[in-house]
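Visitor: Could you show me the model before we talk about it?

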Amino acid sequence: MRTFICSVICLSLSIPVHAASVLSVGDGDTITVTEGSKRIKVRLACIDAPETSQSPYGMKARKKLQGLLPIGSQVTLRTKATDRYGRSVGEVIKGSTNINQSLVGSGNAFVYWQYI
């Protein structure tokens, strides 16, 4: 058990953490942020939300994310990977709230293990 806990702590420490500002919300699991002078598209890790064309759930998921992350919101990114489209994949934290988990908890997204 001690080895497992140490592994989790070491893994957590190796995940890059960046401060960013929200520019836009694409859909229920994708945002665009600025980090310094860089513009970055971010796919929220470990979740999947309906596409905006999947009415009415896709637009509901997007509106929920827009409510959680209004334009200009200051967030922390825990980048885990880059996907095949060149997007950063990671956790988005606003204050003490994990936005990825909030979307799942509200029923607007579900856990998707491909990005772990």
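Guide: What follows is a short talk about this model. It is predicted, so to speak only of what counts: local features need pLDDT (the predictor's confidence in each residue, from 0 to 100) of at least 70, side-chain atom pairs count only at pLDDT 80 or more, and totals for chains, interfaces and linings use all residues. Residues are numbered from 1 along each chain as its sequence is written, and side-chain values use heavy atoms, with hydrogens and water left out.

Visitor: In what order do the elements run from the N terminus?
Guide: The order is α-β-β-β-β-α-β-β-β-α-β, with helices (H or I, at least four residues) and strands (E, at least two) taken as DSSP runs.

Visitor: Where is confidence lowest?
Guide: In helix H1 (residues 2–13), at a mean of 42. Over residues 1–13 pLDDT stays under 50, and the model has zero contacts (heavy atoms within 4.5 Å) there beyond four places in sequence.

Visitor: On to H2. Which of its residues are buried?
Guide: Gly58, Ala61, Leu65 and Leu68, where buried means under 20% relative accessible area, exposed over 50% and partly exposed in between (1.4 Å probe, protein chains only).

Visitor: Why do they line one face?
Guide: Seen down the axis of H2, they fall within an arc of 90 degrees, so they line one face of the helix; the arc is that of the directions from the helix axis to the C-beta atoms.

Visitor: What do they pack against?
Guide: Strands E1 (17–27), E2 (30–35), E3 (38–44) and E6 (88–94), and helix H3 (99–105).

Visitor: And which exposed residues are on the face turned away?
Guide: Lys60, Lys63 and Gly67.
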